[in-house]
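I open these notes to record what I looked up, beginning with the strands and then turning to the pockets.

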Amino acid sequence: WNERFDMVVLCRALWAKDYLQVLKEAHRLLRKSSHSCLLVVEPLKKWWGRAKHQPDSNALLGSLRKTGFSIDLQHTVDIEPRPWESE
């Protein structure tokens, strides 16, 4: 199944303790192409402050980069906390 898919969708698949392994598997499944993409559907609030060394950031973005993904910010939504969620 290595490099067989143009798109991988993760919907609440990162709730597991081994979420980095889930991301690594998603990366393994994707074709090495500029057209391949990972769609992550996760509640944003869960990822804020999760990284102890960066408590004011979204740990999901760092985890994606750590596992080999690049982030296209033009096609990324809701990565910043909403004012009413930060209270």
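I looked first at how strand β1 (residues 7–11) pairs with strand β2 (residues 37–41), and I found that the two run parallel and are joined by five bridges. I keep in mind that this is a predicted model. At Cys11 I looked up the bridge partner in β2, which is Val41.

Next I asked which residues of β1 lie on its covered face and which on its uncovered one. Val8 and Leu10 make up the covered face, whereas Met7, Val9 and Cys11 belong to the uncovered one. I note for comparison that side chains in a regular strand alternate between the two faces of the sheet.

I then followed the connection, and noted that β1, helix α1 (residues 19–29) and β2 make a right-handed β-α-β unit.

Turning to the pockets, I read a volume of about 900 Å³ for the largest one. Its lining has 30 residues, of which Leu38, Leu39, Val40, Ile71 and Thr76 are the closest to the centre. The elements that give two or more residues to this lining are β2 and α2 (59–66), and the largest share, four residues, comes from β2. By class I noted 16 nonpolar, nine polar and five charged residues in the lining of the largest pocket.

For the second largest pocket I noted a volume of about 220 Å³, with a lining that includes Tyr19, Leu20, Arg50, His53 and Lys66. Here α1 and α2 each supply at least two residues, and α2 gives the most, with four residues. The lining of this second largest pocket divides into four nonpolar, six polar and two charged residues.

Technical notes
Residues are numbered from 1 along each chain as its sequence is written. This is a predicted model: local features need pLDDT of at least 70, side-chain atom pairs count only at pLDDT 80 or more; totals for chains, interfaces and linings use all residues. Side-chain values use heavy atoms; hydrogens and water are left out. Buried means under 20% relative accessible area, exposed over 50%, partly exposed in between (1.4 Å probe, protein chains only). Two strands pair if DSSP finds at least two bridges between them. A crossover is right-handed if, with the strands pointing away from the viewer, the path from the first strand over the helix to the second runs clockwise. On a 1 Å grid over the protein atoms alone, a cavity is a set of points where a 1.4 Å probe fits but cannot get out, and a pocket is an open set with protein on both sides within 12 Å along at least five of seven lines; lining residues have an atom within 4 Å of a point. Grid points are joined across faces, edges and corners, and a volume is the space filled by probe spheres set on the points. Ala, Val, Leu, Ile, Met, Phe, Trp, Tyr, Cys and Pro count as nonpolar, Asp, Glu, Lys and Arg as charged, and the others, Gly among them, as polar.
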